[in-house]
Structures are given as C-alpha cells and as structure tokens.
Amino acid sequence: EHCRPAAGVPVLTASQTPKPFSTPEDFEKEAVRHIETTLARSLYNCDEGAAYAGTALAFRDRLVLDWNKTQQTQTFADQKRVYYLSLEFLMGRALDNAMLNVEQKDVAAKGLSDLGFRMEDIISQEHDAALGNGGLGRLAACFLDSLASLNYPAWGYGLRYRYGIFKQEIVDGYQVEVPDYWLDFNPWEFQRHDINVDVQFYGSINHWQDDEGKQHVSWEGGEIVKAVAFDVPIPGYKTPTCNNLRLWGSKAASGEFDFQKFNSGEYESSVADQQRAETISAVLYPNDNLERGKELRLKQQYFWCAASLYDIVRRFKKTKRAWKDFPNQVAIQLNDTHPTLAIPELQRILVDIEGLEWDDAWSIVSKTFGYTNHTVLPEALEKWSVPLMQHLLPRHLQIIYEINFQFLQFVERNFPKERDILGRVSIIEESQPKMVRMAYLALIGSHKVNGVAELHSDLIKTTIFKDFVKIFGPDKFTNVTNGITPRRWLHQANPRLSELIASKLGGFGFLKDLTLLSKLEEFVDDKEFRKEFREIKYANKVRLAKHIQEHNEVTVNPAALFDIQVKRMHEYKRQQLNIFGVIHRYLEIKKMSAEDRKKLAPRVSIFGGKAAPGYWMAKTIIHLINQVGKVVNNDKDVGDLLKVIFLEDYNVSKAEIICPASDISEHISTAGTEASGTSNMKFVLNGGLIIGTCDGANIEITREIGEQNIFLFGNLAEDVEDLRHAHLYEKYELDPQLSAVFDSISSGTFGDKESFSALLNGIIEHGDYYLVSDDFASYVDTQTLIDESFKNTEEWTTKMITSVARMGFFSSDRCIDEYAEAIWNVEPLVPKSDGE
Ligand code: 73E
C-alpha cells in the first residue's frame, strides 16, 4: 500500500507469479527447504509437527504472492471497499482450506506420503484459530471465505486474542476450562511492524476557541495503548483474490518499558504498565449470547474500533478525495453491536480532528455503517453504564449525548402527540445508573439494519425495534438469511460426498454456485447413486464412531441412528429437552419386552458444546448428560439400543468430523429465540435430516427442502408470550411423560438428585421460561416418527438426497451477494493477471 510504482512501471514482474506445484516432488522440495532452512531442522528428526510447518510454509508462499497482488490491485482500482468489523472470527484450521482453494491438496498428499506422512495426521497438527464463541464468529469466518471467493475488495478487522475460546475438558462429568494458548507457532499471521496506532483512554475534555472564533474540542491526558497490526491472508476458492484479515494486538505505548519510570527505580510498575496494556487483547470473552458489562470488554471494543477506523480513514485520505466521498469508498458492517463505538469514533475523527461541521460529519457517518442484529435475547443486548463510559471515553459519551439529542428532537418534531416515545427510543436508558443502549445507537448511526433469518428480521421489527420502524420507515430494515461456505462445510469436511456430487454434476462448479445442486434431484432414483450416497454417510459415521471410541471409550454401532446436538450450551437452545427425551427413551426401553426391544431402531445420542464458565445452569445440563451416559451406556438391558455420548471440546475442526456423520441433528430452541442457527445448514448439506422447532433458519430450510423432509415440532413463536404468561399466572400441569422423567432423576437414578434440583425447579416451580414441558409431548412423538422413518432405508435415502439437492440457497456466497447489492453497494474486483 505504501509505495506506488511510477507510471508505466509494471505492478508485478513475472518472477513474482505464484506457480502451482506441478508435481509432488515440486511440493516436497519446497516443504523440505522450509523444514531445513526456516525451521533449521534436519530431515532425520522431522516429526509430524515439522512436516505440518513445512507444508504450511510451502503453501503460505503461494498465498502471499496472491495476497500482495490482490492488495495492490485493490489500491490501484480505488473503488469502494467493505470493512467487516467483528469481535470474533472463528476461523478453525487454515492449511486444508488453503490447499483446497489452490487445488493442490492431492499433489501435497502424494508428496507427504513420499516423505512418510499421512495427510490427515499433518492437517490435524494445526491448532484451531478459535477467536470466537459460536455461530456469530463462525459466520464472520464464512463471510470472509465468500468475500474472497467472490472477489469482493474486503477487509476483516478483529482482535488478536492471545487466548481464544477456552478448551473444554470433562472431568468426572463436569466441564473444566483450560486456557487456549494458540500462538506458539502460527505461520498464518504477519506482524506489520510499521503499522501501529495509538489509542487513548480516560483523560478529560477541553473546549477552546481559535483566533477566528471557531469552537474546538480536544481530548487530553489519560492513557495511551499501542495497537499493533497482525495480518492474516484469506484466500478465495479457485481465484487469485486473497483478502486481508487485520487483527489488532495491544502493547504498551512506550515500547518495552517506560524508561522514565525504569530509571527512577520504578521497575516493577513499568512492567505492570506493560502488562496492563497487553491485557486488552489477552483473552476472548467466553460468553455467547450474554453481555456482562465488564470494563475490560468495553476497553477491547474501543481499542479495536479506534485502531480499525484510524486505519480505514488513513487509507481513504491517501486517495485525496473529498470527505463527502467517504461513503462512496467505504462500507463498514457492524457484526452485532460489539463495534458500535465505531460510530461515535468516526464522528469524533471528522468533527474534532478533521474539522468538519457536525451535520456534514453525521451525514457521512450514517451513510457508512450497516448494522447486523444477531439476537433478541434481553440478556445479550449490550448496555454500558454511563458512569463507566464517562470515565473511560469521556468525549465519546458527549458525542453519544449529542447524537441522542438531535435524534430525539427529530422524533419530537415528527411524533408530537406521542408522549412516551422519547423515553422508549432514547439511546440513554433513564435507570440507576443510566445506561447507553448500544443497539439503538447502532441502528440510529447506520443506513441499514438487518436480521439474520426471515422470522428473526420480522421479530426485531415488531419487538425491540418496533418504534424505530415507525420513525425511520420500514425500508431501513432488511433481512439477509445466514449461510455457510460450501468449501469448508462440504468439500473439505466431506470430500467423498463432494466427489460423488461432482461426478453427477460434471465438475465442482457447485462449490462456486451452490444452486447447481438442484440437478442432483435427477439422480434421486439412480440405484447406484443412492447406494454410494448411503455408503458415504456410513463411512462418515464409522469415522465419528472411531473418534468416540478413542475419546469416550464407548463402542457405538455405526448402523445405529446418530442423533446429534452440538452447539453452545444454553437454556434457550434446550439441550435439557433433548436429554429429558433421552431419559424418557431409556425408561421406555427398560419397560419393554425383549420382543419389543428387537423392533426398536438403535440410537446414539451425541451432545457437544461449551458452557460459559459462569453459566451454572448450562454446566448443570452438561453434568446431567454425562451422568445419564454413565448409567445408560453401562446398562446391559439396553446394549446397542441407546448410547449417550458427550463429545469434549466441540470446535470448528471437530465440527468438520461431526457434521457429515449425522442421521438426525437437533435444532430445538424455544420458538423465537434462535435468530438463525447455521449448523442446521451444515448438517443438511451433508445429508443429515433435522428435528427442529419453527425457529430461525429452520423455517426457510423447510421451505426450501419441503415439509416432508424435516421433522418439525413444538409451539410457534407467536404463542410463546401467552404460554409464559399462563405459566406464571395460571395453574398449569407438567407434561405427564416429563413428570416421569423428573421422578427418575429425583429418585437418584443418575446420581445425586440435589445436583439437578435447580434445573427441574426452573421448570416445575419457576414458570418453565423455555417451555420445555409445553413442547415435550410433541418432541417425543416426533422422535418416534423419526424411528419409523429411519427404519425405512429407501424412504430415508430419498429424504437425504432431496434435501442436499435443495440446499443451494444456504451458501454464504448468496448472503454476501445480497449484502453487496442491498447494503454495501460494492462490486467485485479480480486481481490483474501479469502484464496487464
Ligand atoms: O442464532 C445464532 C446465529 O445463527 C445467534 O444466536 C448467534 O449468531 C448466529 C449468526 O448470526 C449470536 N451470537 C451472539 N448473538 N447472536 C453473541 C452475542 C454476544 C456475544 C457473543 C455472541
């Protein structure tokens, strides 16, 4: 970005063109060169770790050249770019993805095998980049993949956490958190020593007048922390585009030590300053769908927003355009409210530093941002206390008050007769202490607001943002249903299925245009195809069974129905409904005659997911699942008919093994609570069927694949409020089958009953907020339908194939094209080939 060649000088010389490895030997030479020189290791002590490093570095060389070229092309083209601001990027592993994108995995596999290694073992050496909690972070990662694959000029901006999401260990059935130090060896990041930004905190505000009488505001004093850029290449699939993900790390502004302090004998405190600065980017907050208002979290948010905006503005200023052109050159997407401070920060830069008039600046700001809402759960909506913000970001608080003042004046003018509206829509909640409502600020400061699935986008308009639809009109609100990248979630995770599909469709074009999958329906009656499809599903289940054998020391039958629920542990996602259903099944089996047992379809109930460390109820549910497993898996009466497995440490790379191996997966949130869900898409794309509620993207999945191919159950979102009300204010009775389940838990069948009393009481006595009892009968009946359907192999096969064929809509490529068209107004840009 820094040095532009003079006119006429070619941008790139031919020697810089990345060449594919034409033979396995080609690849070996490069990998070995890196092992011997970059790593300074001899081939004689080359273990799997070194082989991974050599392979990664060999492929990195190819990416880096594309990366440079892409960045140069984007700088020269000087067209509008997208900046995706997300506090989470749940990237998973990079090597497999990189090899597949440049279509060189086979060549490398052959080369590695010549060196005595198996590709699978080498790939699994890589540490997951786990800078996210769950769906929100993984969505950001899928979006980066699609942006690059579709050649959009786009950057991601995030934080370089030293510790990603904790590793989960299960000890005696309980979750234990272990720190995830992932940066030991990370060949995929490049520190940009020349790119760092000073970020200010605390301090005070000074108002002054210049000689011409113009008013100025400056933010003085306080504390400075340095943001250091770390860049990660994001390759596109079968394209030279390689975009950039810039992650900020924090460092003390004074460098190694504050020498002043050091020399005056305050050695300890100078080290402490350093550590305090580095704390900002030290750790990812492990809460999914929960905000706890911690000062360090607010510091993280501002640190990252300030550094990113400085960077974006600096890049814009180099174009020498007028400020009013800013929204024509820059689109910034806010991934939930976490980056909302970017709004007052840009206003501050324009007004305080660049000297624009307030209104001109605000017009630029509000055309630049788009805001994606991901949740309506009240406990997840961000609010920051006014005193905290006053202390940490005094100028931003002033700006927020001014934005609010102008907005409320506008509302008052337009709705003079509505007395209560001002209090309801004010950015400042008049509580004790006062709170800044970040979602309102994000909405007011953006030109578009979107939800992530149709139901969710409708719900935000009728609940949390109802007044704002009246104020701004409905056109400010839109829907972009989530999607997933078929590269990772089909081609990489399920190579055999991808091959089979390619053989029928005449190539891998569906990985670039997933709607091409629809042609598979022509083969739904093809006997050989059906057989191969089933064989692949079976092989994937065998692979998961092996994993279970190794990690859980339980033998499961791969012919059994694999019933999987993997996602963050949360009451609204209702893993408790699932485990109660499992207990019900267990009690039924115990009651059955030997004859009846023979008729039953064997089942493996598989769970996985992390609980936030402070979320006791979620941890209790994990404990119950493990206790049930202990009893059921060792019960001779039950045998293969039922096994209960909790998979430790669910993460992206485990999901790649798990998603292709389901017969049924569970997406059973209380209707209206799961904004979209994205693992539902991953499972169906891999030939698994769904049991689910009418919630989030389940509804659109049903519309696409057909009602006959999904197992829906339970109450609808529109009925939830009344049901909850009835629980609290009218007498209600527990579902009798659920009651029997509770009796067995309370009688100690699964260990100490006290352990689970809070879980049961929440349902029996405290209003059953998540409607577990209301949905239980319908859930159990639907599971029985599933048993019957699964026994009919032909019927099941037709459902699997038809569903896969109809999943084209759920590619994240479709999402990105929608964002580009309806929100960002950006065009693709393919890096120039040489000589152009
Ligand atoms: O339904 C999912 C959705 O598929 C939703 O719960 C999740 O975002 C996914 C992607 O759109 C989500 N995560 C958060 N909010 N919604 C969240 C909130 C606070 C901290 C971390 C994550």
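Is Glu 794 buried, partly exposed or exposed? Glu 794 is partly exposed, with a relative accessible area of 41%, and in this predicted model it makes a useful place to start the tour.

**First stop: Glu 794 and Arg 534**

Select Glu 794 together with Arg 534, and look for the salt bridge between the two, in which the closest N and O atoms are 3.6 Å apart. Glu 794 belongs to helix H32 (residues 793-805) and Arg 534 to helix H21, so this pair ties together parts of the structure that are 260 residues apart in sequence. Arg 534 is partly exposed, with a relative accessible area of 25%. Side chains of opposite charge can pair when their charged atoms come close.

**Second stop: along helix H21**

Now select residues 527-552, the 26 residues of helix H21, and display the C-alpha atoms at the two ends, which are 36 Å apart; at 1.5 Å a residue the helix should span 38 Å, so the two values agree. At the start of H21, show the side chain of Asp 526, where an oxygen reaches to within 3.1 Å of the backbone nitrogen of Glu 528. At the other end, just after H21, select Glu 553, which takes a positive phi of about 55°.

With the helix still on screen, colour its buried residues, which include Phe 529, Phe 533, Ile 536, Leu 544, Ala 545 and Ile 548. Residues with charged side chains also appear among the buried positions of H21, including Arg 530, Lys 537 and Lys 541, and Asn 540 and His 547 are buried as well.

**Third stop: the largest pocket**

Helix H21 leads on to the largest pocket, which holds about 1400 Å³ of space. To find its centre, select Asp 96, Glu 120, Ile 123, Arg 543 and Ile 657, the closest to that point of the 45 residues that line the pocket. The elements that give two or more residues to this lining are helix H3 (95-101), helix H4 (105-114), helix H5 (119-123), helix H19 (486-492), helix H20 (495-505), H21 and helix H25 (652-658). Of the elements, H21 gives the most, with seven residues. If you colour the lining of the largest pocket by residue class, you should see twelve nonpolar, eleven polar and 22 charged residues.

**Fourth stop: salt bridges within a helix**

The structure holds 59 salt bridges, and two that lie within single helices are worth selecting next. In helix H22 (residues 575-591), show Lys 591 and Glu 588, which lie three residues apart, about one turn of the helix, and whose side chains meet in a salt bridge at 3.2 Å, N to O. Lys 591 counts as exposed at 65% relative accessibility, whereas Glu 588, at 32%, counts as partly exposed.

Then return to helix H32 and select Glu 795 and Lys 799, whose side chains meet in a salt bridge at 4.0 Å, N to O. Being four residues apart in H32, these two are separated by about one helical turn. Glu 795 counts as partly exposed at 33% relative accessibility, while Lys 799 is buried, with a relative accessible area of 12%. Elsewhere, select Arg 192, Asp 231, Arg 246, Asp 311, Arg 314 and Arg 315 as one group, for salt bridges that share partners join these residues into one network.

**Fifth stop: Ser 669**

Move next to the loop between strand S22 (664-667) and helix H26 (679-685), where Ser 669 has its place. Ser 669 counts as buried at 4% relative accessibility, and its side chain makes a polar contact with the side chain of Asp 695 at 2.6 Å.

**Last stop: the largest cavity**

How many cavities of 30 Å³ or more does a search of the whole structure find? The search finds three, and the largest cavity has a volume of about 830 Å³. Select Asn 133, Gly 134, Gly 135, Leu 136 and Asp 288, which lie nearest the centre of the largest cavity among the 48 residues that line it. Helix H6 (135-149), H25 and H26 are the elements that give two or more residues to the lining of this cavity, and H6 gives the most, with four residues. By class, the lining of the largest cavity has 16 nonpolar, 18 polar and 14 charged residues.

Key: Residues are numbered from 1 along each chain as its sequence is written. This is a predicted model: local features need pLDDT of at least 70, side-chain atom pairs count only at pLDDT 80 or more; totals for chains, interfaces and linings use all residues. Side-chain values use heavy atoms; hydrogens and water are left out. The expected span of a helix is 1.5 Å times one less than its number of residues. Buried means under 20% relative accessible area, exposed over 50%, partly exposed in between (1.4 Å probe, protein chains only). A polar contact is a pair of N or O atoms within 3.5 Å; within protein, one must be able to donate a hydrogen and the other to accept it, and residues adjacent in sequence count only if both atoms are side-chain atoms. On a 1 Å grid over the protein atoms alone, a cavity is a set of points where a 1.4 Å probe fits but cannot get out, and a pocket is an open set with protein on both sides within 12 Å along at least five of seven lines; lining residues have an atom within 4 Å of a point. Grid points are joined across faces, edges and corners, and a volume is the space filled by probe spheres set on the points. Ala, Val, Leu, Ile, Met, Phe, Trp, Tyr, Cys and Pro count as nonpolar, Asp, Glu, Lys and Arg as charged, and the others, Gly among them, as polar.
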